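Let's take a walk through this protein together. Have the sequence and the 3D view at hand, and follow along from one paragraph to the next.

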Amino acid sequence: MYKGNQVTTVVPAHNEALHICSVVQTLPDFVDRIIVVDDCSTDGTATCINSFGSAVRYLKMPQN
């Protein structure tokens, strides 16, 4: 929460397995919701994001 407001961050991703976990981990503490939108990655992006469990909402697009 930031100044009484809930904060949601949407992170776009496409084949970002090497970087996406560090991006999510370094988001500020005032971020209440994190949504990662995966643009049909073919690497381990999903595996990394799913390791956060329910803390991160993961949406995978059916095609790039």
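Before we start, one term will help: a residue is called buried when its relative accessible area is under 20%, exposed when it is over 50%, and partly exposed in between. Please also keep in mind that what you see is a predicted model.

With that cut-off we can try a first residue. Cys48 has a relative accessibility of 10%, so it counts as buried. Across the chain as a whole, buried residues make up 25% of the 64 residues.

Now for the overall layout. The chain has 2 helices and 3 strands. If you follow the chain from the N terminus, the elements come in the order β-α-β-α-β. The C-alpha trace spans about 40 × 20 × 15 Å along its principal axes. As for the surface, the chain exposes about 4300 Å², and 54% of that is supplied by carbon and sulfur atoms.

Let's begin with strand S1, which covers residues 8-13. Its side chains alternate between two faces. Thr9, Val11 and Ala13 point to one face and are buried, while Thr8, Val10 and Pro12 point to the other and are not. Strand S1 runs parallel to strand S2 (residues 33-38), and 6 bridges join the two. To get from S1 to S2, the chain passes through helix H1 (residues 20-25), and this β-α-β crossover is right-handed.

Thr9 is a good place to pause, as it belongs to strand S1. Is Thr9 buried or exposed? Its relative accessibility is 19%, so it counts as buried. Across in S2, Ile34 stands opposite Thr9. Leaving aside residues up to four places away in sequence, Thr9 touches Leu27, Val31, Arg33, Ile34 and Ile35. One of these contacts can also be followed from the other end: Val31 touches Val7 and Thr9, with residues up to four places away again left out.

The next step takes us from S2 to strand S3. These two strands pair in the parallel sense, over 5 bridges. The chain crosses from S2 through H2 to S3, and this β-α-β crossover is right-handed. For a landmark in this pairing, find Val36, which stands opposite Tyr58 in S3.

Strand S3 covers residues 56-60, and Arg57 is found in it. Arg57 has a relative accessibility of 55%, so it counts as exposed. Which residues does Arg57 touch, not counting residues up to four places away in sequence? The answer is Ile34, Ile35 and Val36. Asp29, on the other hand, is 28 residues from Arg57 in sequence, and their C-alpha atoms are 16 Å apart.

Now look at what lies inside. The largest nonpolar core has 12 residues, among them Val7, Val11, Ala13, Ile20, Val24 and Leu27. S1, H1, S2 and helix H2 (45-50) each supply at least two residues of this core. Also in the core are Val31, Ile34, Val36, Cys48, Ile49 and Val56. You have already met several of these names: Val11 and Ala13 on the buried face of S1, Ile34 opposite Thr9, and Val36 opposite Tyr58.

Helix H1 also holds Val23. With a relative accessible area of 34%, Val23 is partly exposed. From Val23 to Gln6 it is 17 residues in sequence and 20 Å in space, C-alpha to C-alpha.

Finally, let's turn to the cysteines. How many disulfides does the structure hold? There is 1. The disulfide joins Cys21 to Cys48, with an S to S distance of 1.3 Å in the model. Cys21 lies in helix H1 and Cys48 in helix H2, so the pair ties together parts that are 27 residues apart in sequence. Cys40, by contrast, is in no disulfide, and the nearest cysteine sulfur, that of Cys48, is 17 Å away. Cys40 has a relative accessible area of 23%, so it is partly exposed.

One last figure takes in the chain as a whole. Of the contacts with a separation of 6 or more, 58% are between residues 24 or more positions apart.

Definitions and conventions: Residues numbered from 1 in each chain as written. Predicted model: local features only at pLDDT ≥ 70, side-chain atom pairs only at ≥ 80, totals over all residues. Heavy atoms only, no water. Buried < 20%, exposed > 50% of the residue type's maximum accessible area, 1.4 Å probe, protein only. Helix = DSSP H or I, 4+ residues; strand = E, 2+ residues; numbered from the N terminus. Pairing = 2+ DSSP bridges. Right-handed = clockwise from strand over helix to strand, strands pointing away. Core = buried A, V, L, I, M, F, W, Y, C linked by side-chain atoms within 4.5 Å. Contact = heavy atoms within 4.5 Å. Areas by Shrake-Rupley, 256 points an atom, 1.4 Å probe, with all protein chains shown as cover. Disulfide = S-S within 2.5 Å.
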